[in-house]
Amino acid sequence: MSPEKAVREVSVTIDGNTFAVPEGTLVVEAAKHLGTQIPVYCYHPKLEPAGLCRICLVEIEKMPKLQIACATRVADGMVVHTSSAKVAEARRGVLEFLLLNHPLDCPVCDKGGECELQDFTMSYGPGESRLTEPKLHKPKLVDLGPTIVLDEERCILCRRCTRFDDEIAQERTLIVEDRGFKSLISTRNGGAYASYFSGNTTEICPVGALTSKAYRFRSRPWDLNHTDSVCTQCSVGCNYRVDTRFGRVMRTFTRENPAVDDGWICDRGRYTFNYLYAPERLRAPSIKRDGGRVDVTFAEAAVLAGSKLAEAAARGRVGVIGGGRLSDEEAYALQRFAREVLGTNNIDYRTHAQVYASPSRFGARLTDIDDASVILAFGAVTPELAPILDLRIRRAVARGHAKFVYMGPYRPAFTIETRYVKLQRGTLPKELDDLGDAVRRGAGQPGGSDVATIASDIAAAKKIVAIHSGEDAPSADAIERLVETLQQSGRDAGILVVGATGNARGAEAAGCVPNLGPGYAPVSGEPGMTTDQMLAAAADGRLDALFVIGANPALTFPDGALARRALKRVPFLAVADQVMTETASYAHIVFAAASFAEKRGHTTNLEGIRQAFAAAVESPLEVRTDAQIIGALTLATRRGSIGDDPTTLFAELNAAESAPRAKTGGGALARPVVTGASAPIAVPDGALTVIPIPHLYAGGGAAAHDPGTKPMRPEPYAVFSPSDARRLSLDEGARVKLSGASGSIEVSARIAQQVPDGSVLVLAEMPEAPHNLLLDASGGGWANVEVIAGAAEAAG
Amino acid sequence: MPIEPVLTKGFGSLDLTDLAVYRSVGGFAALTKALREMTPDGVVAEVMASNLRGRGGAGFPTGKKWSFLPKDGRPRYLVCNSDEAEAGTFKDRMLLENSPFNLIEGLVISAYAVNAKRVFIYIRGEFLAGYRIFQKALAQAYDAGLVGADILGSGYSVEIVPHRGAGAYICGEETAQLNSLEGKRGEPRLKPPFPANAGLYGMPTVVNNVETLMYVPHIIERGAKWFASIGAEKSPGPKVISVSGHVMRPGNYEVPLGIPMRELVMELAGGLRPGRRVKAIQPGGGSSAAIFEEDLDVACDFDSLAAKGTMLGSGAVTVMDDTACMVRCALTINRFFETESCGQCTPCREGGQWVHRMVARLEAGEGSESDLKILTTINRTITGTNLCVLGDSIMPFLSSVYKHFPEEFHDHVRLAGCPLHARSESAA
Amino acid sequence: MNVLRAAWGIVTGHMVTLKYLFKRKSTIDYPRVPYPHPERFRGVHELRKYDDGLERCIGCELCAVACPANAITVIGAENDPAAPTSPGQRYGYRYEIDMLRCIFCGWCEEACPTDAIVLTPKFDIADYTRERLVYGKDRLVVTDPFKQHLANTESAAQTEPGVI
């Protein structure tokens, strides 16, 4: 990275205090150095200054009129008065204007108590109203979309929301309608405001105009207890605050961490907490008995499961699957449980298509995206898998003049300008090596191929960030080779791997892999079985017991048929989860596990930052944290002892990770063992190649049962190319049956231009229609299409 | 001291919308001169020497504006502001409809001067006739090789793009106009950056009024000295002034700047109706503060009127005689500004609406003394606190007439109605 | 003699009793007769309704904030527009006063923006369990429509115009 340009400091005098600030600082920011508050509404540190609300007017000497502090930049020798009589009068005036037609329904307003209009009126306001006529009325209950309700009367038209949608999310759905005092916040073409980032607008709204449906009228701000926490819904690990009342989570609120989330969180993270109170939440362990399920106490379940696992361990026929949704401490405890207690290396966190959750070298930071010149994404659909990371890409492309290149089997809908390169299955390593060659030769080679175009982009770039989803080992290695080439050519380059689960990287680092212990240290003895090997063994009757914790391989493992066969066949299956997943439904014993809000620990995000989260609420009586479940099972097996205290576990994990160990050449970390090569699949005549597509709200666990995110959750669907749709005489909305080699699902059909001919995009991880029934172990698959009902029939 | 008409020469007798006719009276000679004999900098220097000041309202020297453009090789744009919507102004409409070729000539010369390859003319949406006339003239000019590629063999090319507005007063503000041209909401932008630096599509842009640009060919043809010799010293040149209201002959008058208001109103515009006296005059459209009978000898130029606490603006003189109710006049003005506020700034959006409601109440005879008290203090929080000058235009007329005729306002409260109308009704 | 003296003793011994037998009684036949209160006595709360039967309480929790004894618990909820409980969008879904904690200071009454919570003269709330002394909406919301109407007219007469 180039050294920062020396920033010139200028001297500024604010309210009689002279001090130096960097040149170009806004007056409102300079005043913060002093601890002086200048009231603002339209100004937000993350948005471009707009100068609309006029509350921040200050007096600047040698300027004839009052100036807005939010858009005026300091100049050397500037003398600012923030509380002179003139300023006070202007503030009083603006507040009087804002309150003219404000409904003053503070007692019922969700923002009451944390409202900037209330606060500034108390501090600077006129004290009494001079308005004698009736107030003007506007719509009070405007349904903006699945998450937001708008009260136009409370709105002070600061436009933070529309500017957020325009500048940060860049979706341009929120607009201002009409003009003058009749201005209304509205949506483009009157459609729904269905953004993945909509919840942020309720937070930046300085008044109670935008309220979230999940929190509406549920509490008042002063009732809430705040707990600092970290979102575990995806691998970005955004920081947030969990607000609780009466021991119940009421809402979540951003807690800015510039290195991770930059002050925003996505709606999946924000609203996925109501499943804790949904009827589908597991509140007690249960065992399979007489063809049904019976609730038992935790102690009973632990003793039973412990003895069964111990029996299987004695025969060496046991496996442990899971870890990607646990905390770092729990993942560490889990691998100890497998290795020390069950005496096996058969442990694997990888229950998705993902095989690597971290780069073995050249790891980039999330903030590297901000000043990158080229961002290369390989099959990682960032808006769906890591929305806040995508927000960074959007900003880099919009502001930093970065180029965004996506390589994958189909073109996902990105908000930003994308250079798309279509990839055939398994061709990425070769393409990347070609690209590396082109860069080495000195790029800008003529030839209209995609690789040549990207090579010329890269040739002009100073900094490159490569993002992939770690689903294919040869591709991951090829990406690292490419980055090595780029670094050798003097460019700044790094890699980010988007995790399939929230703590995939933490589980990998804690040693939940068959061949590596904590800190990527190779295990002593033979490496154990990977997830696919364990499932294959279980399906063949070579395993006596499986312990699945915080994972749902039935829905997420690429070969759905194999996973289901294995889970049904294995003589003893114990599952720990928060809700009744498909995997849990096959289990002989199900443990009710605590959620992120009910335990404390650490989680590692995709970049490798380890962040602590704290328990916000208590779990139900028979619900235990995963660490407690592992600890109790250890006791029940009578084969050792693993504590369940996160503090002790964390200290042990740290000690284990810092132990000296041999690294492979080039300082690269050892790789988790990968089995099952991606063999080319033979698509029968007339069948379509299946490409699974991710969705932010997909998933079979919490997301499937959360009342807060249910409105945003799509119905299972498959997307066809227009020409395939014509060939199959399909209409948009028709009900179709997709039949693959080992199963079939029913979905509704959609038609989109971006689908390559001969392929069908199938929404992944929907429990109603599991996509993995169509796939084999390599993640590839095909489907024959059969129309069940036309669009009209399906709608009727 | 009427002068020989410059822009309005031949109006009413010649059909200047015909290229041949325009050419026969010496049209496009200036263009030939500028393109063949002068450098762009020469044109700028000539205009600067003439001290031509912007005819759109602000009175900023045009040559100076042109010289502000940064020389950094970015594409430049010239935007002609023909969104004439100030209450009382109707000069650009007349010029556009009657003399489109003069405007085209001015556009091409000015574009040449600032080295713009593309000119946008933002024509007010309601000027459909003017738009059609301009379009027709533009097509003729293109055919004659006066606009387009390689004009008159000089190697200089420029495109002129007419654009119709959608009926918002605020789009007459230059940055709002640029937003509107870009297809965004017509709302003023935060300044700085100024259009000269980051205007249309973020590029250096000059925005000039129709009338300003139409004087440019005449300055080129007859020289800066001729132009500077006309009218007041600091605001030289002729100007078309729209006179309306209670005068016998309302209309557009091309006069030298600095003409006394008395001469303009009493002689050129035919004076008032018999037996009537001047009560108030708005010298610069709806945004300007009023002047009164005792101020009639003021010179109509930018500086003299500014000294009186008002402005020449776009040159829209609205005369009100003693039958006019000042409260009703203020109501008309305030209703206009309430409707036309873009809604960005709080004082303009909410204050404008509140003032309108109070004045409406006073006019209807339902006002109270407390309303009047608010009106005297609200000026300080509305004026000078907004992003653009629309907010500053709400109060000047109201404040000036309230200061001059306070009893008329108090009477509206006391008598619960308009004393003037009550009198005329009882007389009837 | 002894008999007479004894009889006289009885008479004198009952003189005080006899005297008070014909005086005005200073006790009342409580609980059959209501105890007279000073006009502004602060007793048990009630939650009032409007004449149209809608609850005044909007669940704003300002009473709970004002309460110096932390005796009030309110949980608000959103009104069903088809069958609203109170005017507007929010209503008091749960409203509980712990009478054992309450110090009958009347601050809740002061804080209430809709005059929903009002302290009545009723004071005799003795009961056998603590649980029964936590009053919920079932015991706080006024039920007698006539009494309600009177209370509304009274408060309307006393309230300054313009204050809702």
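**Note on chain contacts and one sheet of chain A**

1. Seven residues from chain A and 12 residues from chain C make up the contact between these chains, where two residues are in contact if their C-beta atoms, placed from the backbone, lie within 7 Å. On the side of chain A that touches chain C there are five nonpolar, no polar and two charged residues; Ala, Val, Leu, Ile, Met, Phe, Trp, Tyr, Cys and Pro count as nonpolar, Asp, Glu, Lys and Arg as charged, and the others, Gly among them, as polar.

2. This is a predicted model, in which local features need pLDDT of at least 70 and side-chain atom pairs count only at pLDDT 80 or more, while totals for chains, interfaces and linings use all residues. Residues are numbered from 1 along each chain as its sequence is written, and chains are lettered from A and ligands numbered from 1 in the order in which they are written.

3. Of the two pairs of chains that touch, chains A and B have the most contacts. Chain B and chain C, by contrast, do not touch, and their nearest C-alpha atoms are 18 Å apart.

4. Within chain A, three strands form an open antiparallel sheet in the order 6-7-10; strands (E, at least two residues) are DSSP runs, numbered from the N terminus, and two of them pair if DSSP finds at least two bridges between them. Strand 6 (142-143) and strand 10 (210-212) of chain A each have a single partner strand, so one side of each is left without a neighbour in the sheet.

5. Strand 7 (residues 148-150) of chain A pairs with strand 10 of chain A over three bridges, and Leu150(A) has Leu210(A) as its bridge partner.

Notes: Helix = DSSP H or I, 4+ residues; strand = E, 2+ residues; numbered from the N terminus.
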